[in-house]
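I opened this model to look up a few things and write them down in order. The notes below are kept short.

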Amino acid sequence: NFDLFGHGETWKDALRLQSEGIEPARFANITCPVMLIHGDHDPHVGRAVLADLQPFIPQIKYIELPNCGHEPWLESQAREAFLPLLRELTIAD
């Protein structure tokens, strides 16, 4: 179930961390492989997120799934492409 209060509090905290310069700078501590899987119909702008994160996570790999929104594991157009990407990431190390 969707928790509207929790969602609002989480976003408020994320915006505070960004305004204080804590995020995304603290992501520089991430050293493992990172895969940003993004749907081309997602309301979030994937390439903008990539541009924000790439200076701090240079090893980030961006993959954009066609005909996909925000939940590729649920979407019939993207599910078959999404699941092998997860397998690839889990065996990458």
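**Entry 1: a buried aspartate**

I started with Asp42, which sits in the loop that runs between strand 1 (34-39) and helix 2 (46-53). The model is a predicted one, and I read every value below as computed from it.

I asked which side chain of opposite charge is nearest to Asp42. It is Arg47, and it is 13 Å away. Asp42 is buried and has no salt bridge. A salt bridge needs the nitrogen and the carboxyl oxygen within 4 Å, so Arg47 at 13 Å does not serve as a partner for Asp42.

I then listed what Asp42 touches, leaving out neighbours within four places in sequence. The contacts are Cys68, Gly69 and His70. I looked up one of these further: Cys68 has 1% relative accessibility and therefore counts as buried.

**Entry 2: the strands on either side of helix 2**

Next I checked how strand 1 pairs with strand 2 (residues 60-65). The sense is parallel, and the pairing runs over six bridges. For one position I noted the partner: Val34 is opposite Ile60 of strand 2.

I also looked up the handedness of the unit formed by strand 1, helix 2 and strand 2. These three elements make a β-α-β unit that is right-handed.

**Entry 3: the whole chain**

I stepped back to the protein chain and took its secondary structure, which comes to three helices and two strands. In sequence order the pattern reads α-β-α-β-α.

For dimensions I took the C-alpha trace, which spans about 40 × 35 × 20 Å along its principal axes. The chain has 93 residues, and 26% of them are buried. I also looked at contacts between residues at least 6 apart in sequence. Of those, 62% join residues at least 24 apart.

**Entry 4: cysteines**

How many disulfides does a search of the whole structure find? The search returns zero. I had already noted Cys68 as buried, at 1% relative accessibility. I looked up Cys32 as well, and at 44% relative accessibility Cys32 counts as partly exposed.

**Entry 5: salt bridges**

I ran the search for salt bridges over the whole structure, and it finds five. I wrote down some of them.

Arg16 forms a salt bridge with Asp13, and the closest N and O atoms are 2.5 Å apart. The two residues are three apart in helix 1, so about one helical turn separates Arg16 and Asp13. Arg16 is partly exposed, with a relative accessible area of 36%, and Asp13 is partly exposed at 34%. I also noted that Asp13, Arg16 and Glu20 are linked in a network of salt bridges.

Glu88 and Lys61 meet through their side chains in a salt bridge, at 2.9 Å from N to O. Glu88 is in helix 3 (residues 79-90) and Lys61 in strand 2, so this pair ties together parts that are 27 residues apart in sequence. I checked the accessibility of both ends. Glu88 counts as partly exposed at 36% relative accessibility, and Lys61 counts as partly exposed at 39%.

**Entry 6: the loop between helix 1 and strand 1**

I went on to Glu23, found in the loop between helix 1 and strand 1. Is Glu23 buried or exposed? The cut-off for buried is under 20% relative accessible area, and Glu23 has 18% relative accessibility, so Glu23 counts as buried.

Glu23 forms a salt bridge with Arg26, the closest N and O atoms being 3.1 Å apart. Arg26 is partly exposed, with a relative accessible area of 41%. With neighbours within four places in sequence left aside, Glu23 is in contact with Leu17 and Gln18. I also took one C-alpha separation: Glu23 and Phe2, 21 residues apart along the chain, are 25 Å from each other.

Ala28 is found in the loop between helix 1 (4-19) and strand 1. At 44% relative accessibility, Ala28 counts as partly exposed. I noted its separation from Leu85, which is 57 residues away along the chain: the C-alpha atoms of Ala28 and Leu85 are 23 Å apart.

Methods:
Residues numbered from 1 in each chain as written. Predicted model: local features only at pLDDT ≥ 70, side-chain atom pairs only at ≥ 80, totals over all residues. Heavy atoms only, no water. Helix = DSSP H or I, 4+ residues; strand = E, 2+ residues; numbered from the N terminus. Buried < 20%, exposed > 50% of the residue type's maximum accessible area, 1.4 Å probe, protein only. Lys, Arg positive; Asp, Glu negative; His and termini not counted. Contact = heavy atoms within 4.5 Å. Pairing = 2+ DSSP bridges. Right-handed = clockwise from strand over helix to strand, strands pointing away. Disulfide = S-S within 2.5 Å.
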